[in-house]
Amino acid sequence: MKSTFFYISPTVVWTIIIVYLSTMPTSSLTDYSLIHMLAIDKIAHVVIYAIYSLLILYSVSRGRPSSISANQWIFAWLWSVTIGILMEIIQSKFFPERHFDFLDIIANIIGSTAGLSIFKFFKQSSIWKYL
């Protein structure tokens, strides 16, 4: 039987990655044009938060997708979206090179929702047994 740590640790690691990426200076990303950066930025938010909500749901299910309750689905989505909103607020308040971007929050919400959809797909397929 796998320990709780086994199921939670990927989510904790991903949270740390999100915090790091959300607080790193933007000056290290100046080699791209503004339009190119905006497109990449929004896609990155969707992908990062899709993975995040998928990992949260995996953690709360303890690797058993058939045992997930409606409350766990809601918790995973709300937790992912809340972290996304908080990171935008923290960026604007504590990191002078960073700013609040409402479109980032929309991308985070889309990503969080997409992650749960991906999880639902895995749950209904035979892919799950390989994860």
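Axes are lines fitted to C-alpha atoms, for helices over the stretch in contact, and angles run from 0 to 180 degrees between N-to-C directions. The model is predicted, so local features need pLDDT of at least 70 and side-chain atom pairs count only at pLDDT 80 or more, while totals for chains, interfaces and linings use all residues. Residues are numbered from 1 along each chain as its sequence is written, and side-chain values use heavy atoms, with hydrogens and water left out.

**Exercise 1.** Describe how helix H1 is placed against H3.

Solution. Helices are DSSP runs of H or I with at least four residues, numbered from the N terminus. The axes of H1 (residues 4-23) and H3 come within 10 Å, crossing at roughly 30 degrees. Because angles under 35 degrees count as roughly parallel, H1 is roughly parallel to H3.

**Exercise 2.** Work out which residues the salt bridges join into one network.

Solution. A salt bridge is a side-chain nitrogen of Lys or Arg within 4 Å of a carboxyl oxygen of Asp or Glu, and the whole structure holds three. Lysine 42 meets aspartate 41 at 2.8 Å, N to O. Lysine 42 also pairs with aspartate 101, where the closest N and O atoms are 2.9 Å apart; this pair links helix H2 (residues 34-61) to the loop between H3 and H4, across 59 residues. Aspartate 104 forms a salt bridge with lysine 42 as well, at 2.5 Å between the closest N and O atoms, and aspartate 104 lies in helix H4, 62 residues from lysine 42. Through shared partners, Asp41, Lys42, Asp101 and Asp104 therefore form one network.

Methods:
Helices (H or I, at least four residues) and strands (E, at least two) are DSSP runs, numbered from the N terminus. Angles under 35 degrees count as roughly parallel, over 145 as roughly antiparallel, 65 to 115 as roughly perpendicular and the rest as oblique.
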